[in-house]
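Me: I am new to this structure and would like a close look at a single part of it. Please take your time and connect the details as you go.

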Amino acid sequence: MPVRFGDEVIGGAEMVLRELADGLAERGWAVDVLTGCARDHFGGAHWYEPGVTELAHGARLVRFPSVTSRGRAHRVLGNRRLDRGDPLDVRAAYEWLNDDVRVPGLFEYLVDHGHEYRAVVAAPYLYWTTVATTAAAPDRTVLLPCLHDEPTAALPVYDGMFRDARGCWFLTEPEADFARKRWPDLTEHAVVGAGVRVPERYDPDGFRARYGIDGPFVLYAGRRESGKGFGRLVEWFARGAARRPGPLRLVVAGPGPAPIPDAAAPYVVDVGALSERDRDDAMAAARALVQPSPNESFSRTMMEAWLAGTFVVANGASAVSRWHCERSGAGAVYADEAEFATWMRRLADPAWSPPDDAGRAYVLREYTMPTVLDRVEALLDQWLPIEGVR
Amino acid sequence: MSRAIVVGPYPPTADPAGAVTLAEVRALRAEGLDVLVISPEPSAARVDACPQTRHGARRIARLVRGADVVVWVGPEPPAAVARALRDVADVRVHAASPRPRPSPGIAERLELLRAGAPTFVRSLRRR
């Protein structure tokens with residue numbers, strides 16, 4: 001039950017839901033993906049056609065018309081205030097929420113048919129559809145909030161949802177810790193994680209050849225946005241490289257334009273959006289993956305790097321990244337620019353090698369798709385047993 | 001199929017009356033009625049129209065004409081709506097106090113204007 005769904009949709013929560021839907025359908029569950037027609041939350045409410053289509057793995061995709069206001073003024077104003085660190089009162093918070101992409105037909109459908117589903121999994125917490133789903137079918141709704149400590153999480157519009165939903169699945173323990181502190185009356189919850197696809201093989205040399213990259217590099221993979229720490233990463237890397245010139249480069253992969261200042265251009269290689277295969281190969285070719293985001297609820301890219309046997313250097317401001325690094329023993333965190341620079345110098349040293357295969361072992365133990373699906377099925381049996389459900 | 005109009009606060013809303021409206025909608029839809037929900041502000045309802053404004057009241061009055069059932073959740077309907085309700089056979093009223101809704105001050109209006117609110121362009125020009 002995401003707000004948006006489709007091949008062009010890029011987002012961690014949408015990815016987790018898609019894989020969950022496909023995985024459960026492959027295990028024989030009847031799965032409906034209920035969503036709107038928007039491609040993104042900036043506008044474009046009518047990108048997809050409403051209707052029903054069959055998905056490749058056996059799930060059914062049901063799209064309802066999405067609507068937005070003309071001006072989006074309450075949304076824009078609310079976002080500006082949140083960015084400034086100003087609080088929104090209850091009225092302003094609900095105006096902000098209801099100025100999101102709305103899907104009234106989906107709400108009506110759940111009012112009529114919500115009780116016919118064993119569970120309605122809604123994600124991520126931020127969007128109107130998730131709040132509305134919980135209001136329409138609270139006793140069937142399981143939240144997959146993909147939550148982290150950010151100004152929107154403080155808004156009162158989510159209080160009822162986290163209290164009234166039947167349950168809540170978290171991706172990591174730090175995410176659950178944050179939710180327990182934020183909502184002391186948090187509904188029943190558990191940490192399920194997210195399943196990660198395990199590539200059959202890697203071709204690091206092929207990636208280097210296809211993109212003309214010779215020397216050692218560290219990789220950034222994801223959205224090139226300030227909220228993900230991208231700007232600061234480029235700035236810190238370029239400053240360090242200018243101060244101590246060396247062969248190490250920063251390769252940045254992801255959709256959309258990459259804001260790279262001219263001063264950083266000699267040290268940064270933009271390879272744009274990569275195919276699944278190229279992404280796997282890039283992970284294997286990299287000296288390390290850098291995860292600069294201070295706001296992560298899971299960090300799939302860290303898992304992909306570890307599966308490829310690649311070390312991870314992450315922003316320690318993210319409790320989730322720190323937690324993964326500590327548990328896996330296959331990553332390190334930095335607190336500031338000086339520590340980041342120290343790690344870059346270490347990675348540039350040909351004598352340095354990653355500790356061992358601990359990262360890959362960690363992902364195979366905790367986050368393969370079958371492992372996560374087993375946890376999900378066990379929780380469905382426990383929280384929403386089959387009696388009385390069609 | 002019988003047509004029902006339900007007017008009232010609707011989720012997602014901070015207004016506790018939203019739960020009353022939703023319960024009415026559930027019951028009417030379970031009975032098989034064709035239900036249109038009108039909420040005073042944008043919500044999960046298909047239509048938003050504020051009964052306290054002249055434009056909103058007229059719109060609600062237009063929509064309730066010809067309905068078989070009208071459920072009204074909130075303070076007493078304004079005159080324009082009350083007139084239209086006289087022709088509806090089954091009118092159910094759940095009296096609820098309106099939530100105090102302070103109108104935005106000049107500073108907030110200007111901020112909304114800058115954020116792209118077309119309605120405030122009109123209201124400021126009228127003054």
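How many bridges join β2(A) to β3(A), and do the two strands run parallel or antiparallel?

Reply: The model is a predicted one, and the part you ask about can be followed strand by strand. Four bridges join β2(A) to β3(A), and these two strands run antiparallel. Within this pairing, A:Thr53 stands opposite A:Leu61, which belongs to β3(A). The two strands form a hairpin with five residues between them, and in the turn A:Gly58 has a positive phi of about 110 degrees.

The hairpin belongs to a wider arrangement, for three strands of chain A form an open sheet in the order β1-β3-β2, with mixed pairing. Because β1 (32-35) and β2 (51-54) of chain A each have a single partner strand, they stand at the edges, and one side of each is left without a neighbour in the sheet. From one strand to the next, the twist averages 20 degrees.

On the other side of the pairing scheme, β1(A) is joined by four bridges to β3, residues 60-63 of chain A, and here the strands run parallel. A:Leu34 has A:Val62 in β3(A) as its bridge partner.

Elsewhere in chain A, two details of the backbone can be set beside the positive phi of A:Gly58 in the hairpin turn. A cis peptide bond, with omega of about -15 degrees, joins A:Ala123 and A:Pro124, and A:Pro124 has its place in the loop between β4 (120-122) and α5 (128-136) of chain A. A:Cys146, a residue other than glycine, has a positive phi near 50 degrees, and this cysteine lies in the loop between β5 (141-143) and α6 (159-164) of chain A.

Chain A also has a link to chain B, since the side chains of A:Glu108 and B:Arg29 meet in a salt bridge at 4.0 Å, N to O. A:Glu108 lies in helix α4 (residues 104-113) of chain A and B:Arg29 in helix α1 (residues 17-30) of chain B, so the pair joins two chains. Over all chains, the structure holds 33 salt bridges.

To return to the part you asked about, β2(A) and β3(A) form the hairpin, while the open sheet as a whole has the order β1-β3-β2.

Notes: Residues numbered from 1 in each chain as written. Chains lettered and ligands numbered in written order. Predicted model: local features only at pLDDT ≥ 70, side-chain atom pairs only at ≥ 80, totals over all residues. Heavy atoms only, no water. Pairing = 2+ DSSP bridges. Axes fitted to C-alpha atoms, helices over the stretch in contact; angles between N-to-C directions.
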